[in-house]
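Here's a quick tour of some backbone oddities and the empty space inside one model. Have a look at the chain first, then read on.

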Amino acid sequence: MNYAREADELVATLMARPWGQVSASIYETGRLVTLAPWLTGHRERIDYLLATQRADGSWGAPDGYGLVPTLSATEALFSAQAERPENGSRRETPPSGEHLGQAARKGLDALRGWLSHPVEVPDMPAVELIVPFLITLINAHHPGEPLPLPSGMDYSRVERIRQAVASGAELPQKLLHALEVAGPDAGGARAVRPTAIGTIGASPAATAAWLGSVLRHAPDRPGGALLDATQARSHLEAVATRYGGPVPVGLPITVFERGWVLSYLARAGVPVEVPPEMVADLRAAMGPSGTPAGPGLPADADTTSVALHALARLGMPYDPEILMAFDTGAHFCTWPGEDGFSISVNAHVLDAFGAYTTARPERAGSYRPVMARLGALLAERQQPDGSWDDRWHASPYYATLSCVLALSEYGGQDRARPVARARDWLLATQRSDGSWGRWEGTLEETAYAVQALLLPGSARNIGYEQAASRGHAYLVHANNGPDYPPLWHDKDLYSPFAVVRAAVLAALHLGSKVNLIGQ
């Protein structure tokens, strides 16, 4: 197979679709059903929610990941039922009200079953705000039988945000991605304005919530607000049209997508023609505080690190000094004020420093202490079974690959043991069909495992190569299979298709080289 040609075609799509290639989101689509029934694709959004409901009434993935999408879809269907013409609305809302009600009640029954017992809620962005907010909305539809909050959650943080928005206070940029939790007052913070392309927080739900609030209070807003509203509506129309109704959880993701795609391909040695303007754009995205994943989001250490790593690999190294703004002393945070810790972010920071000092060895002394600290941190955070897990991805295979790559290349000689333990864990968790996966075997997770077993420059190991060969055979066989399931963390699980495709191509390229050696 000519994986170089496929990589060239993939990179070409990054230029052709600069906002990014992301899966649709049940959570975000549900919010638009409620917030923007007037928007292009309303019927298609409802149909999408009905089509993705599981037999037990839920939506989404196992292990608590279904809570947020099920809350959103259930509330959306109740809202859609209330919007039907027979209930006093002039809007045309298919399908029948009874069909909508049945689906919504099935969702409600699933939620009652979950919330009647302790439920482990995954560490997703803004989950402590979204869950109470949605439960409040659902309880307004059924006030006689209120849903309880999961243990450890309360309504206080949502109320504080609403008060801050209503007061017109300036909000932290990271909060804009989930501005919809402010409810009807989402447009009350006068400092909140759409970006140049019309998005609030790179989120259709946040943009729709802001837009609805601004339009309701139009007489009280300055003239510029109505121009902003026109721009925001145009953006929503463009996103809904592009996806045929349903919408993703985050868009645009321009820098994030390009950084990860180019990093995976370059690291695996896949020969690919990268347009010079793409590399120049990636470098130009670096500001004094780093770069965000896309317009409307705050700069973050993760996107900044991966973009820096890609730039160094592509022959345009950029000093990673900007990353020191994310250094807490104990670890590197995703953004200042982050609640929580991400091992993959710290692995990517080590990649950024390591790739830069490899390209600029005269600067190695400046960054050697922080690289040693990061290597020790990654080793200390390894799980007893040899894996790592992370707050930005549902699969331990993603975090494990991130740490194995960083440690093996930039962690120093004393990091060989954690890398070996991780690769032994991969041997122990391979499925009988050659794949790997948390819930089922997937192309994405198998690609991560194959890359970790076939580390460039490492000594040959027959056991690792045999497992990788079985994984490679699975990738070849399933390469033209269905879309990649959502595994990445945002308000809902999502899949960045181009990024995952790059990881698969990297694994296919590495695996084909090993197969040739063995012939």
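What follows covers unusual backbone spots, then cavities.

Keep in mind that this is a predicted model, where local features need pLDDT of at least 70, side-chain atom pairs count only at pLDDT 80 or more, and totals for chains, interfaces and linings use all residues. Residues are numbered from 1 along each chain as its sequence is written, and side-chain values use heavy atoms, with hydrogens and water left out.

Helices here are DSSP runs of H or I with at least four residues, numbered from the N terminus. The loop between α9 (223-243) and α10 (254-267) holds Pro-252, and a cis peptide bond with omega of about 5 degrees links Leu-251 to Pro-252.

Two alanines also have positive phi, listed here with their loops:

| Residue | Phi | Loop between |
|---|---|---|
| Ala-126 | near 60 degrees | α5 (97-115) and α6 (127-141) |
| Ala-202 | near 55 degrees | α7 (156-166) and α8 (204-216) |

Ala-202 is buried (under 20% relative accessible area, 1.4 Å probe, protein chains only), at 1% relative accessibility.

Now the holes. A cavity is a set of points on a 1 Å grid over the protein atoms alone where a 1.4 Å probe fits but cannot get out; lining residues have an atom within 4 Å of a point. There are 3 cavities of 30 Å³ or more, and the largest has about 130 Å³ of space, a volume being the space filled by probe spheres set on the points. Its lining includes Trp-260, Arg-267, His-309, His-348 and Asp-351. The top contributor to that lining is α10, with 4 residues.

Methods:
Helix = DSSP H or I, 4+ residues; strand = E, 2+ residues; numbered from the N terminus. Buried < 20%, exposed > 50% of the residue type's maximum accessible area, 1.4 Å probe, protein only. 1 Å grid on protein atoms, 1.4 Å probe; cavity = no way out; pocket = protein on both sides within 12 Å on 5 of 7 lines; lining within 4 Å.
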